[in-house]
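Open your viewer and load the model. Keep the sequence panel in view, and follow the stops in order.

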Amino acid sequence: FGLNDKIHVHNSVGHDEILRVTNKATLMPLMSYGFDTQSMSLLECLATGLPALMVDPDLREVLPRGGYVFPKTPDADAVADALNDLSKHRENIAKMSQVLMKNREKALGSFQVKKLLASYEKTLKGGE
């Protein structure tokens, strides 16, 4: 398929290396499903305007609609279809990035702390 120059699989790497690679990326693939290990990656996508490709519906709560690609199903064929569609409509990457950049203040720690405190207050009031 000639993908060796386009797809790189990394083992354990340091944070600086992750930032270097992500800085050159067009799309952040987040392939976890059923466990939440990607929250920091999602906030980094939001802060930098890097669109995400994700398969776990629970992860959609972090990024604004229009800032990510979500295949019809979480299997390899659907992911491949989504990537093929993006390759045919590369302008969608720029549109997704614009959506993220318009919402990037939501990646700030101060924004997240306000959400957390509001959740605690609601809980303490009995969920009213």
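This tour goes from the whole chain to single residues.

**Stop 1: the whole chain**

Show everything as a cartoon. Remember that this is a predicted model. How many helices and strands does the chain have? There are five helices and three strands. Now trace the cartoon from the N terminus. The elements follow the order α-β-α-β-β-α-α-α.

Switch to the C-alpha trace. Along its principal axes it spans about 60 × 35 × 30 Å. Next, turn on the surface. The chain exposes about 9300 Å². Carbon and sulfur atoms supply 55% of that area. What share of the 128 residues is buried? Buried residues make up 27%.

Colour the charged side chains. The chain carries 16 positive and 16 negative ones. The centres of the two sets lie 7 Å apart.

One more view of the whole: contacts. Take those between residues at least 6 apart in sequence. Of these, 50% join residues at least 24 apart.

**Stop 2: the cores**

Hide the surface. Select Leu30, Leu42, Ala52, Met54 and Leu63, and show their side chains. These residues belong to the largest nonpolar core, which has 14 residues. Within that core, these five touch the most other members.

Which elements each supply at least two residues of this core? They are strand S1 (28-30), helix H2 (39-48) and strand S2 (52-54). H2 gives the most, with four residues.

Now select Leu27, Leu53, Val69 and Leu86. These are among the nine residues of a second, separate core. Give the two cores two colours.

**Stop 3: helix H2**

Zoom in on H2. Its buried residues are Ser41, Leu42, Leu43, Cys45 and Leu46. Show them as sticks. What do they pack against? Their partners are S1, S2, helix H4 (91-102) and helix H5 (109-124).

Stay on H2 and pick Leu43, which is found in this helix. Set aside residues up to four places away in sequence; Leu43 then touches Val62, Lys106, Ala107 and Gln112. Next, draw a line from Leu43 to Leu63. They are 20 residues apart in sequence. In space, their C-alpha atoms are 7.9 Å apart.

Step just past the end of H2. Gly49 is there, with a positive phi of about 80°.

**Stop 4: a salt bridge in H1**

Go back towards the N terminus and select Glu17 and Arg20. Both lie in helix H1 (residues 15-24). They are three residues apart, about one turn of the helix. Their side chains meet in a salt bridge, at 2.6 Å from N to O. The count for the model comes to one salt bridge.

Are these two residues buried or exposed? Glu17 counts as partly exposed because its relative accessibility is 28%. Arg20 is also partly exposed, with a relative accessible area of 41%. Partly exposed covers values from 20% to 50%.

**Stop 5: Thr26**

Move on to Thr26, in the loop between H1 and S1. Thr26 has a relative accessibility of 38%, so it counts as partly exposed. Show what it touches. Not counting residues up to four places away in sequence, Thr26 touches Leu50, Pro51, Arg90 and Ile93.

Now draw a line from Thr26 to Lys115. The two are 89 residues apart in sequence. Their C-alpha atoms are 29 Å apart in space.

**Stop 6: Glu61**

Where is Glu61? Look in the loop between S2 and strand S3 (68-69). Its relative accessible area is 69%, so Glu61 is exposed. The cut-off for exposed is over 50%. Connect Glu61 to Ser39. They are 22 residues apart in sequence and 10 Å apart in space, C-alpha to C-alpha.

**Stop 7: Ala118**

Finish in helix H5, where Ala118 lies. Ala118 is partly exposed because its relative accessible area is 43%. Draw a last line, from Ala118 to Leu42. They are 76 residues apart along the chain, and their C-alpha atoms are separated by 21 Å. Leu42 should look familiar: it is one of the buried residues of H2.

Technical notes:
Residues numbered from 1 in each chain as written. Predicted model: local features only at pLDDT ≥ 70, side-chain atom pairs only at ≥ 80, totals over all residues. Heavy atoms only, no water. Core = buried A, V, L, I, M, F, W, Y, C linked by side-chain atoms within 4.5 Å. Buried < 20%, exposed > 50% of the residue type's maximum accessible area, 1.4 Å probe, protein only. Contact = heavy atoms within 4.5 Å. Areas by Shrake-Rupley, 256 points an atom, 1.4 Å probe, with all protein chains shown as cover. Lys, Arg positive; Asp, Glu negative; His and termini not counted. Charge placed at Lys NZ, Arg CZ, Asp CG, Glu CD. Salt bridge = Lys/Arg side-chain N within 4 Å of Asp/Glu carboxyl O.
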